[in-house]
Every structure is written in structure tokens, then in C-alpha cells.
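Please find below my notes on the model, arranged as numbered points. They begin with one residue and its surroundings and then move to other parts of the chain.

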Amino acid sequence: MKISKNSLFAMILGLVLAFTLVACASEPDEGAQAPDEEGTQDEATEGTAEGGELVIALLSDARALDPHGSNDTPSSNVYYNIYESLVKYNENMELEPGLAESWDAIDETTWEFKLREGVTFHDGSEFNADVVKANIDRVLDPAIASPRSFLFDMISEVNVIDPYTVQFVTEYPFAPLPAHLAHNGGGMISPELIAADYEAMEAGEEPGSVINNGPIGTGFFKFDSWNPGTEIRLVRNDDYWGEPAKLDSVVFKVVPEDLTRISELETGASHVSEPLSPADVQRVESTNGLHVNRQPSVALTYIGFNAEKEPFDNKLVRQAISMAIDKDSIIQGIYDGAGVPAIGPIAPDVFGYDENATGLEYNPERAKELLAEAGYPDGFSTTLWTNDDRERMDIATFTQAALAEIGVHAEIEVVEWGAYLDQTASGAHDMFVLGWTTVTGDGDYGMYPLFHSSNFGEPGNRTFLSNPELDDLLEQARQNPDPDERLELYSQIQEILVDEAPMLYIHHQEYLLGVSDKVKNLWQDPTRIIRLQDVVLEQ
């Protein structure tokens, strides 16, 4: 679409389409079949029957079942099925109607959404504009302290126009708003449940306590049970407003050990292993009745430095550590080439990616010189944290050996997932291995939460980097409606990030799932969400 240079309003309208296309990724391969437009079974599903229980073996348990209360992938994979947002993505990361049937930019700072009628929550309550306002107000409520509030903090007003029309007024022009509303952080919770949760807070309970115990959305699956650390079970919502799920139920089973997940696939105790280690691909591919699902991603794997703690408060030290580690060896040796090297924080398919950006190159001799300049000619001792993901533990071991070559002695600590998120959010770490997925396909989500000083901790900035110039550019980039000017701002931002080196950007990984051949119509999107609505099982 050609954007008129004479009309700021027209420019914003044009961006509605532009931002639906910025994150197009490859079609899921034959192991990740997407449903056809009618949602009917194709030739691949002949001989199957609806019903049955799908078991997904996961590395980690969900952290929360309140979509406003956590920003981690294991949680998102569960509540994507329970809750729905106003907008959603298809398999090509293009925006489509969800609980909203349409949306338009009314003026520079006002977006109007027309809502779907006849939608009810799992508890029978009605979905309408008042519910949308209640949910967005809750995400932005300081008392809730949602780690996902940054998604919507540009919204200054939510106005109910009529029962099925709602308007969002933003503090400044914000073209990616529909993409942000597609994030499951905008999942709609039952109004009765929100009220009950606030009542519990008044009695001294933590935000989300009621919601986590019995989540209620409008999705195609309903919550059945949660045995923390063991499994979460969902059952089909037979009253779903759209095409119901084909399965009777889904179990998200916590299986921390990689080889145990593979064994469960082989014995049929589980149907899907998430994640699948690259080291186990050959074993799965050579096993009759199993296959590997591959999906390019918009995710980043990185090693982060705590910029508030010595010696990582010195950018020369951060640069030195970055230059001491050969990330190509990590990609080939640990991930078996599954992914592409990362120059900066955002993947090539994300709006804002700068193909001309240059990162810090592997150069251990220069790393030693930088350490000496920083006042550490003999190195120092530190800790390197990871959770119990096999590849991340291998990255930690590889990094430990590489740093020893420049005189830095790193002790590895493996921390349980929930505690890992809590402690890196509180700043208790030195160095850590983690990832980030740009789920909106826009550079704002790929950099604003990770590097703006207002997002320290759980929202995303676990490196605790604070740079006023960087903050200003990030704010300009999210407020500017001109896509070309935004691209230039993101180029400047990435130059600063190379110099500041708050993290070593390792790679944009390829997601791998181990899947039973009995599973049909399953696919995983570029944000790592496993799509289950059309899945069927061979009986």
C-alpha cells in the first residue's frame, strides 16, 4: 500500500496493513500442517476420529494461568487455549480478526474495534465492550503490577461506545497497537473472575490468586485442573462461539528430562515433546511412528549481563565477554545448525531489523585487551546462571571454558524455571542464559521491553541496562507513525546496543518438536505457540 506523504492520518491507516505483514515467516513444513480455510479435515486426516486426549510433554510448568500475570512461554502455551484476544495471528504472522471482527484508525491517536457478538465465557458471562475495558484497565492497574503492562502503556483511555464497539485512545500515534492486542497478554478474562480476584486482593491475597486457581476465558478449551509441577489439563469447550476443538482434552505434562520426554514419545505416553533437543533429532527421525516438526522463529537466544553489578557495570567488560565467545561454534556444536546467527536482538523477519548492522566479532585477544583497559588484566570470578534446558546448560558449559581462556572464572548455577525468572527479575544474577520472542513481529516489542530502563526485571530488562539516549530513541521509535523514520531510529538503537553490549546475541533459533505420527493438523507458530484447535488423533 502506498502511504500518502500529505496525510498523517492516511499514513497511520496504511500502517494497519503494513504491520500485518512485517513478520512473515516460512510456511510450517509438512510436519506442521496448518488447517485449511474451512477448518475441515484434509487427506492427511482421513481415518482419524475426533476426540481423545493429547498429551504434550513440556520441559517446564506454567508459571501462571493469569494472562496478565506472566510473560513466559510455558504459561503462554497453556493459556493461548483458554483465553482469546481481540486480534490473532495466522501461520504467516498476519493479523486476523479474533474477538474483534474489525478495527480502524479513527484519527492519529484513536483506534476503534468492532467486537464479535454472541461470545460467552466459560462461566456463561457475556463478552462485550465493558469486558474489554475491564481487562485492559486491569493490565494497566499499578496494583496488579502486570509484567505485560508495557504492551498497552501507551493507551490513555478505553472508551465504550456501545455494547460491541470500543475505542482505544493512545498518548501518541502508535501504529503497532493491533499487533500488540494480538499478544496473549491481551487475553480476555471473565468479568466475574476479575471482580472476584480484586475482592481477594482486598482481603490480602496476591493479584491473580483467584484467576490462577480457576482461569475462565472464551477459548476453545476450558480449564479442568492444575497439579503444579506435574500437569495441567484442559477440556474442550463445547459451547465455543467458533469451530470447536476436535480433541476431548489436552494435558500439558511437566517432564524436565529430555531423554524421558523422548522415551514417552516412543512408548506413546506422550504425543508431543516440547522442546526437542537438536541432539535428539536423529533419534526421533529414525523411530517409526515419530517425526520432527521444524519452525523458523522470531526468537532470540542470548547471554545477558547484569549492568548494575560489578564488573558488568563497565561496558568494556561486557564487550570483552561478548568477544570471547564464538557463537558460531555454539550454533553448530550445540544446536546442530538449527537457527541463524544473531547480530542484534531482532530476527530478520521482524520490522526494524537492520541488515547492515555489524556486531562484536569473536576475538579473544581483543577481549583480553578490553579487560585490561577495564582494570581486570588478570580477569575475575563470576557466576553464570541457566535454567535446566539442555542447550542452555551446554551454552553455559561452553561459555565457562571460553571465558577461562581470558582469565575469567565462571561458576555455573542451574536454577529451577520459576525461581530462575524470579531471581533474574530481582537482579540477583551476574550473567545468565535466556531467550526472548518478538511475538508482535515489530521491533518495538523486540527492543523496548528488553532495553528501556522503565522495564527493569520481569517485563524484560533483566540486564538492568539504563541509557538515557537509548530510552529516548526507543520512545521516539514507538511514537513515530512513519515506517521509514522508524527504521532509521531502530538502526541507531542497534548501533548503541552494539556499543553498550548488554547481552551477547547468539542466534534466532529454529523450534523443534518431537511428534507422534498419530497427531494430525498440529502446527507451531514463529512465536513458539503450539496451535491445537484443529488437532486430531488417529484412534
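1. D444 has its place in helix α14, where helices (H or I, at least four residues) and strands (E, at least two) are DSSP runs numbered from the N terminus. With a relative accessible area of 1%, D444 is buried; the classes used throughout are buried for under 20% relative accessible area, exposed for over 50%, and partly exposed in between (1.4 Å probe, protein chains only). Not counting residues up to four places away in sequence, D444 touches F174, H180, P449, R478, R486 and Y490, contact being taken as heavy atoms within 4.5 Å.

2. Before going further, the basis of these values should be stated. This is a predicted model, in which local features need pLDDT of at least 70 and side-chain atom pairs count only at pLDDT 80 or more, whereas totals for chains, interfaces and linings use all residues. Residues are numbered from 1 along each chain as its sequence is written, and side-chain values use heavy atoms, with hydrogens and water left out.

3. The burial of D444 is shared by the helix that holds it, since nine of the nine residues of α14 (residues 443-451) are buried, so α14 is largely enclosed by the rest of the structure. The elements that cover these buried residues include α4 (177-181), β17 (431-437), α15 (468-479), α16 (483-500) and β18 (503-516). At the start of α14, a side-chain oxygen of D442 reaches to within 2.8 Å of the backbone nitrogen of D444; a polar contact here is a pair of N or O atoms within 3.5 Å, of which, within protein, one must be able to donate a hydrogen and the other to accept it, and residues adjacent in sequence count only if both atoms are side-chain atoms.

4. Helix α3 offers a second case of capping, because N128 caps its N-terminal end with a side-chain oxygen that lies 3.1 Å from the backbone nitrogen of D130. The length of α3 can be checked as well: at 1.5 Å a residue its twelve residues should span 16 Å, and the end C-alpha atoms are 17 Å apart, which agrees, the expected span being 1.5 Å times one less than the number of residues. The buried residues of α3 are A129, V131, V132, N135, I136, R138 and V139, and what covers them includes β5 (110-115), β6 (155-162), β7 (165-170), α4, α5 and α6 (209-213).

5. How do α3 and α5 pack against each other? The axes of α3 (residues 129-140) and α5 (residues 191-202) come within 10 Å and cross at roughly 35°, with axes fitted to C-alpha atoms, for helices over the stretch in contact, and angles running from 0 to 180 degrees between N-to-C directions. The contact is made by V131, A134, N135 and R138 of α3 together with P191, I194, D197 and Y198 of α5. By class, this contact has five nonpolar, one polar and two charged residues, where Ala, Val, Leu, Ile, Met, Phe, Trp, Tyr, Cys and Pro count as nonpolar, Asp, Glu, Lys and Arg as charged, and the others, Gly among them, as polar.

6. Some backbone values deserve a careful look, because most residues other than glycine have a negative phi, and most peptide bonds are trans. A cis peptide bond joins E274 and P275, with omega about 0°, and P275 is placed in the loop between β11 (272-274) and α8 (281-285). Another cis peptide bond joins E310 and P311, also with omega about 0°, and P311 is placed in the loop between β13 (299-305) and α9 (315-324).

7. F464, although not a glycine, has a positive phi of about 55°; it lies in the loop between α14 and α15 and, at 7% relative accessibility, counts as buried. A501 has a positive phi near 45°; it is found in the loop between α16 and β18 and is buried, with a relative accessible area of 2%.

8. A57 lies in strand β1 (residues 53-58) and counts as buried at 0% relative accessibility. The C-alpha atoms of A57 and E274 are separated by 6.1 Å, although the two residues are 217 apart along the chain. Leaving aside neighbours within four places in sequence, A57 is in contact with K253, V255, R261, S270, V272, S273 and E274.
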